[in-house]
Amino acid sequence: MVTKKLNQLLNEQIKHELDSAYLYLSMASYCESINLKGFASWMKSQSKEEYEHAMKFYSFLHDRGADVDLLPIDKPPVKFKSINAVFEQALSNEQKVTGLIHNLYKTALEEEDYPAQVMLHWFIEEQVEEENMVTEILDQLKLGGDQGAALLLMDRKLAERE
Ligand code: MG
């Protein structure tokens with residue numbers, strides 16, 4: 001049985017993952033609006049992944065016979081200052097999510113919920129990957145790729161993501 005406290009945190013996590021999906025979609029829309037189609041496509045893939053994260057928590061709760069209580073999701077920003085600012089915000093959002101996942105794991109340990117601990121292992125690893133991927137792009141942008149030919153080259157590279 002999932003304890004009340006963990007059940008509530010897992011429902012909140014569904015919301016956080018959907019917030020992330022919505023944030024990445026809004027970033028995709030910004031990239032689309034400045035004709036960076038490769039960046040937009042990368043952001044749309046990222047948004048879909050976040051939706052899948054939310055669905056993993058949703059399925060986990062149903063598999064355990066726990067309650068799914070869908071909370072309202074946040075409105076993401078419409079405008080961004082620059083492509084750099086987009087990735088700065090993506091990184092800080094991923095860092096926030098990492099903290100939330102770690103807190104979930106801590107609670108799963110305290111509540112002695114072993115299935116939740118196992119399920120969260122995947123998310124702990126996933127967050128390392130997410131932060132790493134966003135940091136790599138941000139570092140490359142900072143190295144001078146945020147304008148001109150370098151930015152277009154990067155746009156082409158990001159378009160390759162499935
Ligand atoms: Mg996620």
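Helices here are DSSP runs of at least four residues, numbered from the N terminus. In this predicted model, the chain reads α-α-α-α-α along its sequence. The secondary structure comes to five helices and zero strands.

The overall dimensions come next. Taken along the principal axes, the C-alpha atoms fill a box of roughly 55 × 25 × 25 Å. The chain has 162 residues, and 44% of them are buried. Among contacts with a separation of 6 or more, 80% are between residues 24 or more positions apart.

The interior can be followed through its nonpolar cores. The largest one holds 24 residues, and those that touch the most other members are Met27, Phe39, Met43, Ile83, Phe87 and Leu141. Two or more residues of this core come from each of helix H1 (4-33), helix H2 (37-63), helix H3 (83-110), helix H4 (114-145) and helix H5 (148-159). With six residues, H1 gives the most. There is also a second, separate core of 18 residues, which includes Ile14, Ala54, Ala66 and Ala108.

The model also contains a metal site. A magnesium ion is coordinated by Glu17 through OE, Glu50 through OE and His53 through ND1, at 2.1 to 2.2 Å. Along the chain, these donors follow the spacing E-x32-E-x2-H. Because Glu17 lies in helix H1 and Glu50 in helix H2, the pair ties together parts that are 33 residues apart in sequence. How accessible are these two glutamates? A residue counts as buried when its relative accessible area is under 20%. Glu17 has a relative accessible area of 0%, so Glu17 is buried. Glu50 is buried as well, with a value of 1%.

The last feature is open space. Rolling a probe the size of a water molecule over the atoms shows where empty space is left. The largest pocket contains about 150 Å³ of space. Its lining is made up of His16, Asp19, Ser20, Leu23, Asp74, Lys75, Pro76, Pro77, Gln89, Asn93, Lys96 and Val97. Helices H1 and H3 each supply at least two of these lining residues. By class, the lining has four nonpolar, four polar and four charged residues.

Helix H1 recurs through this account: H1 gives the most residues to the largest core, carries Glu17 of the magnesium site, and supplies at least two residues of the pocket lining.

Notes
Residues numbered from 1 in each chain as written. Predicted model: local features only at pLDDT ≥ 70, side-chain atom pairs only at ≥ 80, totals over all residues. Heavy atoms only, no water. Core = buried A, V, L, I, M, F, W, Y, C linked by side-chain atoms within 4.5 Å. Buried < 20%, exposed > 50% of the residue type's maximum accessible area, 1.4 Å probe, protein only. 1 Å grid on protein atoms, 1.4 Å probe; cavity = no way out; pocket = protein on both sides within 12 Å on 5 of 7 lines; lining within 4 Å. Points joined across faces, edges and corners; volume = space filled by probe spheres on them. Nonpolar A, V, L, I, M, F, W, Y, C, P; charged D, E, K, R; others polar. Donors = N, O, S within 2.8 Å, 3.2 Å for Na, K, Ca; no water. Contact = heavy atoms within 4.5 Å.
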